[in-house]
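Please open the model in your viewer and keep the sequence beside it, as this tour moves from one selection to the next.

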Amino acid sequence: MDYTKEIINQKYQKIKTFRDESDGKIELIEHIESHAKLVKRTYYEDKREIFELLSRADASHLARIEAVFFDVDTVVLEEYIEGERLNEYLGHSRVSSRQAGGVIRAQLQAVSVVHKLGIIHRDIKPENLLIDKAGHLHLIDFGIARIYRPGKASDTQLLGTVGYAAPEQFGYAQSDFRSDIYSVG
C-alpha cells in the first residue's frame with residue numbers, strides 16, 4: 001500500500017462512490033473521528049500543478065482543496081458541498097431574471113479566479129455548477145482542466161461537452177481563457 005492510501009485509509013472511511021471510470025474515481029469520504037465529509041478525487045494522471053494552484057485560490061465559488069497527494073495517481077481531497085447541480089436545480093425551480101443574472105455573475109467570478117491562476121476549466125456546463133443549501137454557486141470538476149501555455153497551436157486532447165465547449169476544443173486551435181467564457185455564454 002502506498003503512503004497516500006495508507007494515510008487516507010487510517011483517517012477516513014468511504015461513504016459512497018459517485019463515479020468510477022477509466023480516467024478516475026470520485027468518492028465521498030468521512031473523517032473517522034470528526035465525521036467531517038470530504039470529496040476524494042483520484043485522477044489516473046499527474047494533475048498536481050492544477051490542484052496545487054487551486055489550493056491557493058479564493059474558494060468562495062470553488063470547492064476548497066484540503067490536500068493534494070501524488071504517487072502514481074493524483075489524489076485530491078476537497079470540501080464536500082451539499083447541494084445540487086444547476087441542471088437539477090433548474091429542473092424543479094423557477095428562476096427569475098434577477099436570479100439568472102446572479103448565477104451568471106457567480107460563474108464569471110469563479111472563472112475569473114481560475115483564470116488568474118492560469119487555469120482553463122474547459123468543461124463549464126450546468127452539471128459542473130453546484131448550488132449549495134444557501135443558494136451560492138460553486139464551479140466544480142476540474143478533471144479536464146489545463147494550464148494555459150502561450151504559443152501552442154492546439155490542445156493535445158480534444159475534450160469538452162458538445163453544446164458547451166468552444167469550437168477550438170475540437171481541434172481548431174488551442175483552448176484559452178476565452179473558451180471558458182464561451183461556455184458560460
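**A pair of helices**

Begin by selecting helix H4, residues 97–116, together with helix H5, residues 177–184, whose axes come within 11 Å of each other and cross at roughly 165 degrees. Because the count for roughly antiparallel starts over 145 degrees, H4 is roughly antiparallel to H5. The way in which H4 passes H5 is a right-handed crossing. Keep in mind throughout that this is a predicted model.

Now show the side chains where the two helices touch: on H4 these are Ile104, Gln107, Leu108, Val111 and His115, and on H5 they are Phe177, Asp180, Ile181 and Val184. Sorted by character, the residues of this contact between H4 and H5 comprise six that are nonpolar, two that are polar and one that is charged.

**The five-stranded sheet**

Next, turn to the open sheet, in which five strands follow the order S1-S2-S3-S5-S4 with antiparallel pairing. At its edges select strand S1 (12–21) and strand S4 (65–70), each of which pairs on one side only. If you look across the sheet, the twist from one strand to the next averages 20 degrees.

Stay at the S4 edge and add strand S5, residues 74–79, which pairs with S4 in the antiparallel sense over five bridges. To see one position in this part of the sheet, pick isoleucine 65, whose bridge partner in S5 is glutamate 78.

**Two loop residues with positive phi**

From the sheet, move to the loop between strand S2 (24–31) and strand S3 (37–43), and select histidine 35 there. Histidine 35 is a residue other than glycine, yet its phi has a positive value, near 65 degrees.

Then go to the loop between strand S7 (119–120) and strand S8 (129–132), where you will find arginine 122. Arginine 122 is not a glycine either, and its phi is positive at about 70 degrees. Is arginine 122 buried or exposed? Its relative accessible area is 5%, and arginine 122 is therefore buried, the cut-off for that term being under 20%.

**The whole chain**

Finally, clear the selections and view the protein chain as a whole, with its secondary structure of five helices and 10 strands. Of the 185 residues in the protein chain, 42% are buried. Among the contacts in the chain with a separation of 6 or more, 52% are between residues 24 or more positions apart.

Technical notes:
Residues numbered from 1 in each chain as written. Predicted model: local features only at pLDDT ≥ 70, side-chain atom pairs only at ≥ 80, totals over all residues. Heavy atoms only, no water. Axes fitted to C-alpha atoms, helices over the stretch in contact; angles between N-to-C directions. Helix = DSSP H or I, 4+ residues; strand = E, 2+ residues; numbered from the N terminus. Parallel < 35°, antiparallel > 145°, perpendicular 65-115°, else oblique. Left-handed = near helix turned anticlockwise from the far one by under 90°. Contact = heavy atoms within 4.5 Å. Nonpolar A, V, L, I, M, F, W, Y, C, P; charged D, E, K, R; others polar. Pairing = 2+ DSSP bridges. Buried < 20%, exposed > 50% of the residue type's maximum accessible area, 1.4 Å probe, protein only.
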